[in-house]
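Me: I'm new to this structure and would like a close look at a single part. Could you take one helix and walk me through what surrounds it?
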Amino acid sequence: MIERLRLLWADLQAWYLRLNPRERVMVSTAGGVTVVVVLFLLSSSADSTRRRTETKLQRLAEAEQLAAGYAEAERARKQAEAALTSSDLSLPTYVDERGKKAGLDIPSLTPHGDIPVGDGRIVQTNVDLTLTDISLPRLVDFLGSLEQGPGVVRVTNLRIEPRPKDGVLTAWTTVTAYRLKAGP
């Protein structure tokens, strides 16, 4: 193989030396232009390959980021669903028990029926209550304890009427519990 290449190279040199000076300049120029074009094409091809590789790496990074975000969202969804199914509490009883535990007298407690939310898979139950002659710190502690309970319980409405002269207030609030609807 190497011997064939040497013979071919020798034939090319002999052919080149048989050319007159003007033809040699033309062949040398054509050869130089050919080498420059080939190098340009190879460089362009390498740049193109590099750009495509960088684009694919960026897309891969985006896909990994989306996968991580999806996994986090799925985990949060499962946690929320678990919280919605974790308890089947009676909201009026729960509010009354938390009130007694906090040493509060709840003079008015009005439960409302179940209301489907969204596509109907989630049901919300509301209880309106009135707290009279309560200090602000006790109110905050009581409402916080309601939201720390089992399942998903939230204070969804709060109206306060302060009585600065006595250092107490009257609060009207709505407490809402959410749960998944039982059965299909």
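Reply: Let's take helix 3 of this predicted model. Its buried residues pack against strand 1, strand 2, helix 4, strand 3 and strand 4. Those buried residues are Leu-91, Tyr-94, Val-95 and Gly-99. They cover an arc of only 135° around the axis, which puts them on the same side of helix 3. Look at the face turned away from that buried side and you'll find the exposed residues Glu-97, Lys-100 and Lys-101. Just after helix 3 comes Gly-103, with a positive phi of about 75°.

Val-95 is a good place to stand and look around. Leaving out residues up to four places away in sequence, Val-95 touches Ile-106, Leu-109, Leu-129, Phe-142, Leu-146 and Val-175. Val-95 also belongs to the largest nonpolar core, which has 18 residues. Leu-91, Val-95, Leu-129, Leu-131 and Phe-142 are the members that touch the most other members. Helix 3, strand 2, helix 4 and strand 4 are the elements that each give two or more residues to this core.

Now for the sheet beside the helix. Its 4 strands make an open sheet in the order 1-2-4-3, with antiparallel pairing. Strand 1 (108-117) and strand 3 are the edge strands, each pairing on one side only. On average, neighbouring strands are turned by 15° against each other, ignoring direction. Helix 3 packs on this sheet and touches strand 1, strand 2, strand 3 and strand 4, and its direction makes about 30° with that of strand 2.

Let's go through the sheet pair by pair. Strand 1 and strand 2 run antiparallel and are joined by 8 bridges. Two examples help you find your way: Pro-111 stands opposite Val-127 in strand 2, and Ser-108 stands opposite Thr-130 in strand 2. The two strands form a hairpin with 4 residues between them, and Gly-118 in the turn has a positive phi of about 65°.

Next come strand 2 and strand 4, antiparallel again and joined by 11 bridges. Here Leu-131, one of the core residues named above, has Ala-171 in strand 4 as its bridge partner. Strand 4 is mostly covered, with 10 of its 13 residues buried.

Further along strand 2 there's a small oddity at Asp-133. Its phi is near 50°, a positive value in a residue other than glycine. That stands out because most residues other than glycine have a negative phi. Asp-133 counts as exposed, because its relative accessibility is 51% and the cut-off for exposed is over 50%.

The last pair is strand 3 and strand 4, which pair in the antiparallel sense over 11 bridges. Arg-163 stands opposite Val-168 in strand 4. These two strands also form a hairpin with 4 residues between them, and this time the turn holds Gly-167, with a positive phi of about 75°. Glu-161 has its place in strand 3 and touches Leu-169, Thr-170 and Trp-172, again leaving out residues up to four places away in sequence. With a relative accessible area of 41%, Glu-161 is partly exposed. For a sense of distance, the C-alpha atoms of Glu-161 and Ala-80 are separated by 34 Å, and these residues lie 81 apart along the chain.

That leaves helix 4, the other helix that the buried residues of helix 3 pack against. Helix 4 packs on the sheet too, touching strand 2, strand 3 and strand 4, and its direction makes about 170° with that of strand 3. In helix 4, the buried residues are Leu-139, Phe-142, Leu-143 and Leu-146. Seen down the axis of helix 4, they fall within an arc of 95°, so they line one face of the helix. Two of them, Phe-142 and Leu-146, are the ones you met as contacts of Val-95. As a group, the buried residues of helix 4 pack against helix 3 (91-101), strand 2 (122-134), strand 3 (152-163) and strand 4 (168-180). The opposite face of helix 4, turned away from the buried side, carries the exposed residues Pro-137 and Asp-141.

You can also check the length of helix 4 (residues 136-147) for yourself. At 1.5 Å a residue, its 12 residues should span 16 Å, and the end C-alpha atoms are 17 Å apart, which agrees.

Note on methods: Residues are numbered from 1 along each chain as its sequence is written. This is a predicted model: local features need pLDDT of at least 70, side-chain atom pairs count only at pLDDT 80 or more; totals for chains, interfaces and linings use all residues. Side-chain values use heavy atoms; hydrogens and water are left out. The expected span of a helix is 1.5 Å times one less than its number of residues. Buried means under 20% relative accessible area, exposed over 50%, partly exposed in between (1.4 Å probe, protein chains only). The arc is that of the directions from the helix axis to the C-beta atoms. Contact means heavy atoms within 4.5 Å. Two strands pair if DSSP finds at least two bridges between them. A nonpolar core is a set of buried Ala, Val, Leu, Ile, Met, Phe, Trp, Tyr and Cys residues joined through side-chain atoms within 4.5 Å. Axes are lines fitted to C-alpha atoms, for helices over the stretch in contact, and angles run from 0 to 180 degrees between N-to-C directions.
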